[in-house]
Each structure stands twice: as C-alpha cells, then as structure tokens.
Amino acid sequence: MTQIPRAGVIGNPIAHSLSPKLHSYWLNRYGLEGSYTALKVTEDELEKTLRELPSQGFIGANVTIPHKVNVMQFADQITDRATLIGAANTLIFKDDGRIFADNTDGYGFMANLRQGAPDWNPKAGPAAIFGAGGAARAIIVALADAGVPEIIISNRTRPKAEALRDDFGARISVIDWVQADKMLEDANTVINTTSLGMVGGQDFKVPLDNLRKDAVVTDIVYNPLKTPFLMAAEKRGCITVDGLGMLLHQGVPGFERWFGKRPEVDEATRQAVLS
Ligand code: NAP
C-alpha cells in the first residue's frame with residue numbers, strides 16, 4: 001500500500017503559521033492526496049525530527065523561525081540560492097534519506113512583486129530597503145539577480161546592513177537609520193523588510209516625503225494587509241503591493257516538488273488563506 005504523502009512546516013512558535021491553510025487549500029483544490037501540518041519543533045529537537053520525518057511518510061517540509069539557518073547543517077544538498085542566502089525554508093526528503101534544501105523566499109518576493117505590479121522594471125533604478133534581517137538577505141539576492149542596478153539598505157542596527165554589503169558587494173550601499181528617508185530620493189523600488197507596522201508591534205516612523213510618485217512600494221509585513229507604510233505610499237500615488245503574496249508564492253516550489261502540481265496563486269488562494 002502506498003503511503004499518503006505528508007509535508008509540514010517546522011518552527012517554534014508555529015501555531016500562527018498560515019502555511020497549513022495554504023497547502024491544505026491547494027491539496028483540496030487540485031484533488032490531490034496528501035496532508036500538510038504544523039510541526040512545533042524546538043532547537044534541541046531539530047536534527048532528531050528531520051531524521052524521523054521521512055519514516056513517518058514525510059516527503060518534505062517548510063522551515064520557519066528559528067530554524068532557517070540551523071537547518072542548513074543537516075542538508076546533504078543545498079541550492080546555490082540557499083547557500084548564498086545562508087538559510088533554507090524548503091526541504092525535500094529523498095528516498096535514500098538525503099535532505100535537499102532550498103530557499104524560496106526571494107522567489108516568493110519577486111513573484112509577488114511581478115504579479116502585483118506587472119509593469120515594474122527592476123533595472124529602471126535603485127531599490128531602497130528598510131531592514132537587514134533574514135528576509136532582507138533573501139530579497140537582496142533576488143533583486144541583484146533580477147538586475148537591480150543599485151541597492152541601498154538602511155537598518156536600525158547599522159553593522160547588520162554593513163555585513164550584507166560586505167557579503168553581497170559593490171552594488172550595495174548603506175545609509176544610517178536616522179537618514180533613511182534620503183535613500184528614497186532616487187529609488188524606483190522601495191521595500192519594508194522590518195517588522196515595523198505589524199499588528200501589536202511598533203510603528204514605522206521614517207518620513208516618506210522623499211518617495212517618488214512612480215516608485216513601486218512593497219511591505220513584507222502582511223498583518224495587517226495594508227500597513228501604515230503602504231497606506232502612506234498609496235496616498236502619494238505609488239503602486240503598492242502587500243506582503244501576503246510573498247508568503248503564498250514562496251510555497252509554490254515546495255508544493256510542486258512534493259505533490260507534483262504547480263499551484264496557482266490567485267484571488268481564491270488569498271481568500272482561502274485569509275478566511
Ligand atoms: P529578522 O531577521 O528578525 O529581522 C527583523 C528586522 O526588523 C531587522 O532589520 C530589525 O532591525 C528590524 N526591526 C525590528 N524592530 C525594529 C524597530 N523597533 N525599529 C527599527 N527596526 C526594527 O526578521 P525577518 O525574518 O527578516 O522578518 C522581518 C519581517 O518580515 C517580519 O515581520 C516577518 O513576519 C516578515 N516576513 C514576511 C514574509 C512574507 O512572506 N511576507 C517572509 C519573511 C518575513 P535590527 O537589525 O536593528 O534589529
């Protein structure tokens with residue numbers, strides 16, 4: 001008897017994750033046999049869990065906070081983009097027990113931006129990025145890959161932005177957090193990758209008066225869907241793209257590898273996840 005393929009998302013905390021809703025919706029929509037569940041795994045349990053999951057019918061998993069970096073040491077094969085980013089969010093368990101690791105966050109970010117702003121041209125001008133955390137790393141790799149000519153980063157903790165510049169090279173420059181609004185003057189792509197603006201968190205307070213009206217502006221925070229940052233950009237006439245699509249698109253490559261069908265990200269998918 002063939003086992004029903006299982007996948008899940010590994011993290012801690014994990015109860016808030018929207019991934020089970022997303023993948024279960026796709027399984028149902030395409031009439032596929034399979035399951036996708038949330039797996040609460042502490043740092044101490046990570047290796048043991050990864051070794052045990054295949055014998056329980058798991059063919060792969062997504063990985064989220066706090067394991068995206070640590071999981072790399074247990075992978076037998078790592079894609080170039082995951083190596084470059086230094087973190088993985090998608091695992092495939094091979095029949096011979098080997099673990100294949102990829103990072104699809106940058107892919108999800110780009111696919112969302114291209115869907116939400118179809119006329120966006122990454123090569124048309126500099127990108128300005130607020131934040132220098134894990135998500136920013138994946139986004140910088142994706143933007144550089146898409147041909148963005150210059151990437152300006154501003155982060156509250158400046159050395160973290162400088163470390164990204166050191167890792168990713170000449171196209172990147174750093175601006176002090178207290179002068180972050182200066183990087184908006186020429187930017188045609190503006191991205192908030194900080195957690196500022198999230199429900200229950202602190203407000204995004206950098207003034208956006210220098211924002212160009214023709215800039216494409218996106219926030220990777222998706223709770224709320226329309227953050228104050230996006231509202232301010234919209235008020236200035238900018239095209240804005242919310243962060244939910246990044247989460248939905250980053251799930252596509254994993255779902256396709258595990259369940260054999262490339263799923264669509266459309267309004268029905270958004271509504272299923274938000275319901
Ligand atoms: P992270 O590695 O912890 O980085 C957090 C970033 O936010 C850092 O740049 C940090 O600056 C900044 N920050 C936090 N509090 C701040 C404050 N009070 N003032 C100024 N800056 C502040 O987290 P991450 O994984 O990159 O995730 C960042 C956000 O993106 C989270 O809200 C996460 O939920 C969201 N996210 C969304 C998606 C999606 O699919 N849409 C994917 C990944 C992440 P410091 O370096 O100074 O601390």
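Two strands count as paired if DSSP finds at least two bridges between them. With that in hand, let us walk through this structure, which is a predicted model.

One open sheet here has six strands in the order β9-β8-β7-β10-β11-β12, and their pairing is parallel. At its edges stand β9 (172-174) and β12 (239-241), each of which pairs on one side only. From one strand to the next, the twist of this sheet averages 20 degrees. If you would like to see how one of the pairs is put together, look at β11 (residues 216-219) and β12: they pair in the parallel sense over three bridges. One place to look is V216, whose bridge partner in β12 is I239.

A helix also belongs in this part of the picture. Helix α7 (residues 228-235) lies across β7 (127-130), β10 (189-192), β11 and β12. Against β11, the helix α7 runs at about 165 degrees.

Now for another sheet. Six strands form an open sheet in the order β2-β1-β3-β5-β6-β4, and here the pairing is mixed. Which strands stand at the edges? They are β2 (35-40) and β4, and each has a single partner strand, so one side of each is left without a neighbour in the sheet.

What does mixed pairing look like in practice? It helps to recall that strands of a sheet pair through backbone hydrogen bonds, either parallel or antiparallel. Start with β1 and β3, which pair in the parallel sense over five bridges. Within that pair, A7 has G60 in β3 as its bridge partner. Next, β3 is joined to β5 by three bridges, and these two strands run antiparallel. There, the bridge partner of N62 is T90 in β5. One step further along, four bridges join β5 (residues 90-93) to β6 (residues 99-102), again in an antiparallel arrangement. In β6, F100 stands opposite I92. As for β3 itself, this strand is mostly covered, with five of its six residues buried.

This sheet has a helix across it too. Helix α1 lies across β1, β2 and β3, and runs at about 170 degrees to β2. Let us zoom in on one residue of this helix, H23, which sits in α1 (residues 19-29). Is H23 buried or exposed? Its relative accessibility is 0%, and because buried means under 20%, H23 counts as buried. Leaving aside neighbours within four places in sequence, H23 is in contact with Y36, N62, G251, F255 and W258. You have met N62 already, as the bridge partner of T90 in β5.

Just along the chain there is a contrasting case, G34, in the loop between α1 and β2. G34 has a relative accessibility of 25%, which is why it counts as partly exposed. The chain also brings G34 together with a residue from elsewhere in the sequence: G34 and I4 are 30 residues apart along the chain, yet their C-alpha atoms are separated by 5.4 Å. Again leaving aside neighbours within four places in sequence, the contacts of G34 are I4, P5, L27 and F259.

Loops hold another detail worth finding: cis peptide bonds. One joins N12 and P13, with omega at about 0 degrees. Here P13 lies in the loop between β1 (6-11) and α1. Another cis peptide bond runs from I65 to P66, with omega near 10 degrees. The residue P66 belongs to the loop between β3 (58-63) and β4 (77-78).

To finish the tour, turn to the second largest pocket, which has a volume of about 310 Å³. How many residues line this pocket? There are 19, of which R81, A138, V141, A142 and D145 lie nearest its centre. Three helices, α3 (80-85), α4 (105-116) and α5 (134-145), each supply at least two residues of the lining. Of the contributors, α5 gives the most, with six residues. And what kinds of residue make up this lining? By class, there are 14 nonpolar, two polar and three charged residues.

Methods: Residues are numbered from 1 along each chain as its sequence is written. This is a predicted model: local features need pLDDT of at least 70, side-chain atom pairs count only at pLDDT 80 or more; totals for chains, interfaces and linings use all residues. Side-chain values use heavy atoms; hydrogens and water are left out. On a 1 Å grid over the protein atoms alone, a cavity is a set of points where a 1.4 Å probe fits but cannot get out, and a pocket is an open set with protein on both sides within 12 Å along at least five of seven lines; lining residues have an atom within 4 Å of a point. Grid points are joined across faces, edges and corners, and a volume is the space filled by probe spheres set on the points. Ala, Val, Leu, Ile, Met, Phe, Trp, Tyr, Cys and Pro count as nonpolar, Asp, Glu, Lys and Arg as charged, and the others, Gly among them, as polar. Buried means under 20% relative accessible area, exposed over 50%, partly exposed in between (1.4 Å probe, protein chains only). Contact means heavy atoms within 4.5 Å. Axes are lines fitted to C-alpha atoms, for helices over the stretch in contact, and angles run from 0 to 180 degrees between N-to-C directions.
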